[in-house]
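Visitor: Could you walk me through this one? I'd like to start with the ligand and then move on to the helices and sheets.
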Amino acid sequence: MMEFPGASGLIMNEPLLWEKGSAGRCGFSLPRRDVPFSPVDEALTGAGPDFPDLSEGDVVRHYTRLSQWNFCVDSGLYPLGSCTMKYSPKISEKQVGRRGFASSHPMIPALLSQGILRIMYELERTLCEITGMDAASLQPAAGAQGELAGMLIIHAFHRSNGEKRTKILVPDTAHGTNPASAALCGYIPVPVPSGVNGILSPDAVASLMDEDTAGIMITNPNTLGLFENNVAAIAGIIHARGGLVYGDGANMNALMGIVKPGEVGVDVMHLNLHKTFAAPHGGGGPGSGPVCVKKHLADFLPVPRIVMEGGKYLLSENFPGTIGKVHAFHGNVGVMIKAYCYIRLMGPEGLKRASEIAVLNANYVKEMLKNVYHLPYEQICMHECVLSDKNQNEYKISTLDIVKRLMDYGYHPPTVYFPLVVPGAIMIEPTETESKEELDLFITAMKSIAREAKEAPYILREAPHRTKVKRLDETRAARRPCLAG
Ligand SMILES: *Cc1c(COP(=O)(O)O)cnc(C)c1O
């Protein structure tokens, strides 16, 4: 039996930089001064902070130690549901670091940036092929911004028809950003309850759809990790009353090469390159949430758009219906280059296989754990499965206790208490890049925790035990963060 990766050995303590160092210590060497000494004019610079005097070694160790307190996809399984924290091949990182890309500047004229523009143009075409859509803009910097761009496009479409609709339907199994994006665009989000099987029914949509409703936002797979199999029928209902269908494609990782949303009635959707296409989600890094549309919405896309004229890639603002710009310059180009590299590396068959394995892995975890943890929706899931703490409540153990304990075993906790339709939800997305051995080890850890919940619940209530900091007051951590250490 393999050992769990969790350990608390060699985790170094590290003080603040201000508490380190010693006066006169220096991190660089300069030639001996051969000009007269001249003090810096304090009136110009102000008194300024008193920076610590540190050696190069002090600084390197400081930041290396801090980096080792972090958990990342490169250090272990990161089953954070809805975030697709899969291993991303390093070749994409290497490409984006090439000098031609890294030292390029968005203000270089289009005719001298043909390489990057070509990559962006081809990436747009490829994403349209993957989604079954007709045109795309790579500008939005994240999924939520892609949603907002999509909402603005829906609004512009209705305005161009002389209509002002005020509502958007948002199922209770949509991602949390969906109602927020609709509201930010000035729409009133109207909740649609999902059916008993966790799936949206055409009847529920039909009873709420009217001529004052601009459209619907459907997350597919939904936040229960289930496939919405009534999208075509629902799109029929929405279209019949003049509305549009927004598809939240952030979790395209489950569908690549299997379903094209554009072929089942979706009019506008976004993708998360920083989930599905070789950049990890979260961590505050740059993202990219391209918005893809069908032909009838193409004129409303953000500008500038990349157009091909006389064999050259050019940037055009000549789209009178456009919603305008949503990001400086072209968006986060580095993430796009990584995605392009990943897609070329995988090819159509590889992408399809990735989705198949992502779905297989999630179902494997679900099947292995469903006798220990409560499974609210008993059916085949897509890329993630949602369990709950219902069985453990009997021992006064909650989801929070379970996932805190998981850290002692060396795993990042799954997404918890979301979606809201499942009380005490534990949402696990293993992704396609984990081997069977890794999954088995994780499953064993989850089972071991369930046993502890029964036999020694006090261990869970005080978990984690082996981490750098123990259980934090999460409300205080959010409301009154202590940024000084
Ligand atoms: C992650 C996610 C989003 C939001 O993406 P961000 O890049 O975090 O803004 C939207 N919808 C779904 C379904 C997601 O999983």
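Guide: What follows goes through the ligand site, some strands, some helices and two single residues of this predicted model.

Visitor: How many residues surround the ligand, and which are the closest?
Guide: The ligand is surrounded by 15 residues, and the closest are Gly 143, Asp 248, His 274, Lys 275 and His 281.

Visitor: What about Ser 82, Asn 251 and Asn 272: how far are their polar side-chain atoms from a ligand oxygen?
Guide: For Ser 82, a side-chain N or O atom is 2.8 Å from an oxygen atom of the ligand. For Asn 272, a polar side-chain atom lies 3.1 Å from a ligand oxygen, and for Asn 251 the distance from a side-chain N or O atom to an oxygen of the ligand is 3.5 Å.

Visitor: Switching to sheets, in what order do β10, β11 and β12 lie?
Guide: They form an open sheet of three strands in the order β10-β12-β11, and the pairing is antiparallel. Because β10 (385-388) and β11 (415-416) are at the edges and have a single partner strand each, one side of each is left without a neighbour in the sheet.

Visitor: Which helix packs on that sheet?
Guide: Helix α11, residues 333-369, packs there and touches β10 and β12, with its direction at about 20 degrees to that of β10.

Visitor: And how many bridges hold β11 and β12 together?
Guide: Two bridges pair β11 with β12 (residues 425-428) in the antiparallel sense, and Val 416 stands opposite Ile 426 of β12.

Visitor: Is the pairing of β2 and β3 parallel or antiparallel?
Guide: Strand β2 and strand β3 (residues 188-192) run parallel and are joined by five bridges, with Pro 191 in β3 as the bridge partner of Val 170. Strand β2, residues 167-171, is mostly covered, since four of its five residues are buried.

Visitor: Now helices: what span should α5 have, and what does the model give?
Guide: Helix α5 has 18 residues (114-131), so at 1.5 Å a residue the expected span is 26 Å, and the end C-alpha atoms are 25 Å apart, which agrees. Its buried residues include Ile 116, Leu 117, Glu 122, Glu 124 and Cys 128. After α5 comes Gly 132, which has a positive phi, near 75 degrees.

Visitor: What covers the buried residues of α14?
Guide: The covering elements include α11, α12 (390-393), α13 (399-408), β12 and α15 (457-461). Among the buried residues of α14 are Leu 439, Phe 442, Met 446, Ser 448 and Glu 452. Helix α14 itself, with 20 residues (436-455), reaches 28 Å from its first C-alpha to its last, close to the 28 Å expected at 1.5 Å a residue.

Visitor: Two single residues to finish. Where is Ser 92 found, and what does it touch?
Guide: Ser 92 is found in helix α3, residues 90-96, and is buried, with 0% relative accessible area. Not counting residues up to four places away in sequence, Ser 92 touches Ala 278, Lys 338, Cys 341 and Tyr 342. Ser 92 and Cys 341 are 249 residues apart in sequence, while their C-alpha atoms are 5.7 Å apart in space.

Visitor: And Gly 150: buried or exposed?
Guide: Gly 150 counts as buried because its relative accessibility is 0%, below the 20% cut-off. The residue lies in helix α6, residues 143-160, and, leaving aside neighbours within four places in sequence, Gly 150 is in contact with Tyr 246, Val 268 and Val 291.

Terms used:
Residues are numbered from 1 along each chain as its sequence is written. This is a predicted model: local features need pLDDT of at least 70, side-chain atom pairs count only at pLDDT 80 or more; totals for chains, interfaces and linings use all residues. Side-chain values use heavy atoms; hydrogens and water are left out. The expected span of a helix is 1.5 Å times one less than its number of residues. Buried means under 20% relative accessible area, exposed over 50%, partly exposed in between (1.4 Å probe, protein chains only). Two strands pair if DSSP finds at least two bridges between them. Contact means heavy atoms within 4.5 Å. Axes are lines fitted to C-alpha atoms, for helices over the stretch in contact, and angles run from 0 to 180 degrees between N-to-C directions. A residue is near a molecule or strand if one of its heavy atoms lies within 4 Å of it. A polar contact is a pair of N or O atoms within 3.5 Å; within protein, one must be able to donate a hydrogen and the other to accept it, and residues adjacent in sequence count only if both atoms are side-chain atoms.
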